[in-house]
Amino acid sequence: MAEAHQAVAFTFTYHQDHTYDISINLDALHLIWLSVVRSWKKRVARFFTHCKNGFFPSSTYFLFAIYAIIVGLRLYYNFDTFGIMQALELYPPIRNYEQPLTRTLLACFVYSIAIWLIKATFMRYYLKFLLMYKGWMYESRSTGGYSLVSKLWLINLKLLYSLSQEPQLYSYQSSLPRLPLPALSDTIERYLRSIKPLCTSDQHYEDVKKKAHEFKNGIGKKLQLYLHLKSWMSTNYVSDWWEEYVYLRARSPLMVNSNYYGIDAILVCPTDRQTSRAANLIYSSIIFRRQIDRQELKPLMIQGIVPLCSAQYERIFNTCRVPGVETDKIVHLNDSSHVAVLHLGRFYKLTFHHKGRLLQPKQIEYLLDKIVNDKDDPMDGEEYIPALTALDRASWAKIRESKLMSDPINKKSLKTIESAAFIVVLEDDDFEFDPNDHTKLDRYGQLLLHGKGHDRWYDKSLNLIVSRTGRCGFNVEHAFADAPVLAHYWECTLGYDYCHLGYDDYGRCTKGPDDFNSIGGVQRLKWRISDELHTNLLDAQKNAVKILSDVDLRLLKHDSYGKGFIKRLKVSPDAYIQMALQLAYYRDVKHLSLTYEASMTRLYREGRTETVRPVTIESADWVYSMSDPSKTVQERLKLLKIACERHTLGIQDAMCGKGVDRHLFCLYIISRYLELENDFLKEVLSEPWKLSTSQTPHNQANILDPKRFPKHISCGGGFGPVADDGYGVSYMIAGEDLLFFHVSSKKSSKETDSSRFANNISDALRDMKLMFEEAQRK
């Protein structure tokens with residue numbers, strides 16, 4: 001484009017007569033200087049923030065208070081502890097001062113720092129000790145109140161908070177406990193209990209039990225010992241291996257198989273102008289990134305008391321997954337001052353910092369309008385370049401290295417994309433919602449999950465996608481962070497858009513100056529596409545279309561009832577939904593299967609997820625009772641409540657580090673390192689998850705309160721099916737009378753049908769409500 005330019009600070013020309021010319025571009029030098037200043041400002045701010053967090057929960061105000069007390073005691077009462085004050089005054093750097101008062105003040109200051117450091121260390125470890133206690137989690141819902149121990153724990157915790165400074169995003173990180181390693185015998189017993197309702201016969205269960213106990217009493221002891229060593233030496237004994245072996249070493253395409261998506265608030269759209277909505281969302285996202293960098297974002301707390309780990313926030317922005325032949329790697333930059341914009345097959349570099357200042361929404365909108373109005377067509381094959389990221393990882397790594405990184409023009413454009421803060425996709429399609437036509441919402445989800453196969457950069461941590469009519473969503477690479485963290489980002493971004501930025505009567509941005517002449521421009525990225533690369537691009541697009549054509553996605557909006565009714569049963573809403581899914585699945589395929597539910601372990605440092613196994617002995621009893629005519633309504637309701645209680649206990653155990661699957665996974669990794677084969681571990685790790693589920697958290701930061709903003713409710717997000725003949729179900733408890741389900745499967749499977757399963761979910765929820773109402777009448 002006309003405004004695109006390269007900032008070159010120096011030009012050096014050497015002539016044949018051995019003379020040379022040097023020209024200096026002062027504007028370019030100024031831009032470089034501003035970039036350096038901005039970078040050092042961030043480094044200095046980050047240093048002081050880390051220092052501040054290192055002493056949390058102690059406060060620097062206590063240092064001054066201690067200093068004032070020590071000075072007063074020294075001057076008026078000749079205070080001295082074991083002669084320490086006198087020794088400090090005689091210490092060479094201090095005794096060189098001639099004035100006695102100066103020596104006294106300096107000695108008091110050194111003594112005060114020592115006292116303050118001891119106090120800060122004690123408070124930090126005392127907070128860590130308090131956060132190790134998890135008994136409160138098992139009492140608050142099941143017993144109707146806290147025990148005496150939990151009450152004393154709560155009093156101590158609140159007292160400690162009252163003496164501390166205002167927490168920042170990472171303030172609690174050093175105080176969070178390590179993920180505990182369960183006893184091997186406990187994990188084996190939990191596994192056997194979870195697998196019993198899935199065994200086809202008593203003999204089948206006895207065979208599994210025999211293998212499990214042989215493992216526990218044999219090789220398992222050795223593997224457990226090694227895992228103990230890892231748990232002592234690492235911050236979290238699971239997370240690094242989980243990221244490497246589950247995500248980075250997986251060789252299948254990211255599209256559908258790994259990446260997940262999130263959707264806009266579907267009941268309201270603040271503007272129908274694509275570039276205006278995109279500008280506000282870009283600005284809101286950069287503000288959120290700045291809050292992370294400055295740690296101004298408040299850490300999430302359970303019940304406002306217990307902090308969650310915030311480690312995953314750091315890599316939301318400036319992050320890219322780079323493919324490798326055998327394993328990928330995550331590249332994270334400390335800073336990035338541009339986004340990569342994809343529109344009609346063309347990539348642009350949009351710099352949102354200009355002369356040391358962040359561009360305002362109206363200025364970003366102006367630049368986006370220039371991109372949309374650009375009439376240049378993409379060169380032959382250029383629009384299919386993003387389809388390379390939808391290839392299997394090994395193929396993409398080879399093409400990236402041989403065709404893109406080897407060419408200076410392609411390498412420069414690729415590095416611009418990979419180093420961007422995030423990707424902005426100006427979609428050439430519409431995202432629609434019609435309460436009377438579910439196919440429009442289904443297509444909305446499909447476009448966000450996979451698009452056309454060549455209009456997302458699946459390696460980037462975040463693709464922000466805005467349709468022609470202003471509706472939006474995102475597509476996220478999964479390796480660096482889990483859905484609750486992105487749900488928090490999405491809530492804050494939408495909330496800032498709705499509540500602080502807004503639009504005028506014409507749907508345009510309102511924030512920012514009308515000066516568009518001094519904000520720089522956008523740069524069109526260039527590519528050199530050889531015949532061989534062109535063939536690779538066409539093959540990549542065909543492969544992407546083949547994958548996305550097999551996706552069967554159905555979005556269900558259930559507004560008959562929601563959390564309000566479920567509370568009347570006095571059971572956990574999540575447990576209730578899981579029981580509905582079990583009943584729906586049983587009706588769908590006529591049997592129960594191994595089911596996965598993701599639960600967080602962010603009560604511990606660097607915690608991510610643990611698996612909850614919703615199929616239990618109790619849940620199976622209830623599911624079978626629903627088709628047993630001999631069971632009364634009261635008996636079925638009783639079995640449902642027992643099953644929900646058991647499921648709630650399973651979630652509590654998982655959150656407290658007492659799960660099954662992550663422990664066995666790590667034991668399996670150690671066995672591979674030691675080259676030790678074990679049939680039990682192989683069977684456990686190879687069991688297919690025919691039903692994979694996850695709840696999307698809602699209103700974590702209480703920004704878009706449903707009571708104040710009843711229409712500003714996102715319907716959550718979803719992911720592709722985990723098993724070829726299974727379902728992937730993401731759900732969100734959106735309000736008192738609203739539930740959302742995202743059901744995915746593969747069209748090629750004869751056993752699954754997403755629409756059929758969504759109908760079974762609706763029927764299951766209806767029957768569960770009728771069961772409760774009938775029991776109430778009797």
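In the hairpin built from strands β13 and β14, five residues sit between the two strands, and one residue there catches the eye: Gly470 takes a positive phi near 95 degrees. This comes from a predicted model, and the values here are computed from it. The two strands of the hairpin, β13 and β14 (residues 472-476), run antiparallel and are joined by five bridges. As one point of contact along the pair, Leu462 stands opposite Val476 in β14.

Strand β13 also has a partner in β12. Strand β12 (residues 423-426) pairs with β13 in the parallel sense, this time over four bridges. Here Ile423 is the residue that stands opposite Asn463 in β13. To get from β12 to β13, the chain passes through helix α16 (residues 438-449), and the resulting β-α-β crossover is right-handed.

How much of β13 is buried? Strand β13 covers residues 462-466, and five of its five residues are buried. In a regular strand, side chains alternate between the two faces of the sheet. For β13, Leu462, Leu464 and Val466 lie on one side, Asn463 and Ile465 lie on the other, and both faces are covered. Asn463 is thus named twice in this picture: as a buried residue of β13 and as the one opposite Ile423.

The cysteines come next. A disulfide is a covalent bond between the sulfur atoms of two cysteines. With a cut-off of 2.5 Å between the sulfur atoms, the model has zero disulfides. Why does Cys666 not form a bond with the closest cysteine? The closest cysteine sulfur belongs to Cys309, and since it is 16 Å from the sulfur of Cys666, that is too far for a bond. Cys666 is buried, with a relative accessible area of 0%. Cys199 has a relative accessibility of 13%, so it counts as buried too, because the limit for buried is under 20%.

Finally, the surface carries a nonpolar patch made of Ile69, Leu73, Leu75, Tyr76, Tyr77, Leu101 and Leu105, with about 760 Å² of accessible area together. Two or more of its residues come from each of the helices α2 (60-77) and α5 (100-131). Which element gives the largest share of the patch? That is α2, with five residues. Leu73 is a patch member that lies in helix α2. At 31% relative accessibility, Leu73 counts as partly exposed, because that class lies between the 20% and 50% limits.

Technical notes
Residues are numbered from 1 along each chain as its sequence is written. This is a predicted model: local features need pLDDT of at least 70, side-chain atom pairs count only at pLDDT 80 or more; totals for chains, interfaces and linings use all residues. Side-chain values use heavy atoms; hydrogens and water are left out. Buried means under 20% relative accessible area, exposed over 50%, partly exposed in between (1.4 Å probe, protein chains only). Two strands pair if DSSP finds at least two bridges between them. A crossover is right-handed if, with the strands pointing away from the viewer, the path from the first strand over the helix to the second runs clockwise. Patches are made of residues with over 30% relative accessible area and no salt bridge: like charges are joined within 9 Å, nonpolar side chains (Val, Leu, Ile, Met, Phe, Trp, Tyr) within 5 Å. Accessible areas come from the Shrake-Rupley method with a 1.4 Å probe; for residues, only the protein chains shown count as cover. A salt bridge is a side-chain nitrogen of Lys or Arg within 4 Å of a carboxyl oxygen of Asp or Glu.
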